Amino acid sequence: MEIPYVAQTLFPLIWPLIAVVGAVVRTRKSPSPQARLETWQRWWAGAALGCGSLWMVLAFLGAPGMMAEVIGFAPSAFQFEIAFANLGLAVMGFRAASASATARERITVGLGAGMFLWGALIGHVYQWFANGDHAPGNTGGVLVCDLLFPAVLIVLAVRSKRLVAAKQPELV
């Protein structure tokens, strides 16, 4: 059974979709902008970054041949390394989704995830243009996820930090 190209390339977008739907549903009756922002951060960190990265761990360890084909590469030890890099991202995402995570911690998680995912994004685009790699795991949804997972987490955390700072009374 062959999965169509469009389904393969769009599959990674399931994680941000789950995050957005979950956050929208959970914030319908939020008591304040700060509570809504906290919910959005937790859903984005947990569902998009955490679950999305954990899925990559399982895929790279459980089906390395299929993942190599989906990316457009030959199977290699590189896949094992990518699996464990994604495990680190998943752990960071789940930590950032916890109720005790601070905005500063979430910004740090976003930056850490960005270093890996934005580097991967550059690599995917390079392979696309330099080598004509149009494999579904090299273009499409993965590019969107590599860009947005850390960026949205950082933006939400910065907004949260500013919201908290704006509520602090000025010392005279």
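Modeller: Contact means heavy atoms within 4.5 Å. By that rule, and leaving aside neighbours within four places in sequence, W55 is in contact with F11 and W15. The model is a predicted one, in which local features need pLDDT of at least 70 and side-chain atom pairs count only at pLDDT 80 or more, while totals for chains, interfaces and linings use all residues. Residues are numbered from 1 along each chain as its sequence is written, and side-chain values use heavy atoms, with hydrogens and water left out.

Colleague: What makes up the secondary structure of the protein?

Modeller: Helices (H or I, at least four residues) and strands (E, at least two) are DSSP runs, numbered from the N terminus. On that basis the protein has seven helices and zero strands, and its pattern along the sequence is α-α-α-α-α-α-α. The C-alpha trace spans about 65 × 30 × 25 Å along its principal axes.

Colleague: What share of the contacts with a separation of 6 or more joins residues 24 or more positions apart?

Modeller: Such pairs account for 73% of those contacts. One pair of residues in space is M56 and N86, which are 30 residues apart in sequence, with C-alpha atoms 6.4 Å apart. M56 also touches N86, as well as M67, when residues up to four places away are not counted.

Colleague: Why is Q41 called buried?

Modeller: Buried means under 20% relative accessible area, exposed means over 50%, and partly exposed lies in between (1.4 Å probe, protein chains only). Q41 has 0% relative accessibility, which is under the limit of 20%, and therefore counts as buried. Of the 172 residues of the protein, 39% are placed in that class.

Colleague: Why does M56 fall in another class?

Modeller: M56 is at 26%, between the two limits, so M56 counts as partly exposed. W55 is judged by the same limits: at 38%, W55 is partly exposed. Both residues are in helix α3, as the assignments of M56 and W55 state.

Colleague: How do you know that Q41 makes a polar contact with S160?

Modeller: A polar contact is a pair of N or O atoms within 3.5 Å; within protein, one must be able to donate a hydrogen and the other to accept it, and residues adjacent in sequence count only if both atoms are side-chain atoms. The side chains of Q41 and S160 are 3.4 Å apart in this pair, which is within the limit, so the term applies. Q41 belongs to helix α3 (residues 33-62). Beyond four places in sequence, Q41 is in contact with R106, L153, L156, A157 and S160.

Colleague: What makes the buried residues of α2 line one face of that helix?

Modeller: Helix α2 (residues 14-27) has W15, P16, A19, G22, A23 and T27 as its buried residues. Seen down the helix axis, they fall within an arc of 130°, so they line one face; the arc is that of the directions from the axis to the C-beta atoms. These residues pack against α3 and α7 (141-167).

Colleague: Why is the aromatic pair of F80 and F84 called tilted?

Modeller: Rings of Phe, Tyr and Trp (its six-membered ring) pair if their centres lie within 6.5 Å; planes under 30 degrees apart count as stacked, over 60 as edge-to-face and the rest as tilted. The search of the whole structure finds six aromatic pairs. For F80 and F84 the centres are 4.9 Å apart, within the limit, and the planes stand at 50°, neither under 30 nor over 60, so the pair is tilted.

Colleague: Why are F80 and F84 separated by about one helical turn?

Modeller: They are four residues apart in helix α5 (residues 78-96), which means a separation of about one turn. An α-helix has 3.6 residues a turn, so residues three or four places apart point the same way. F80, at 51%, is over 50% and therefore exposed, whereas F84, at 42%, is partly exposed.

Colleague: What makes the pair of W128 and F129 stacked?

Modeller: The planes of W128 and F129 are 25° apart, which is under 30, and their centres are 4.8 Å apart, so the pair counts as stacked. W128 is partly exposed at 28%, and F129 is exposed at 61%.

Colleague: Which residues form one aromatic cluster?

Modeller: The cluster consists of F11, W15 and W55.
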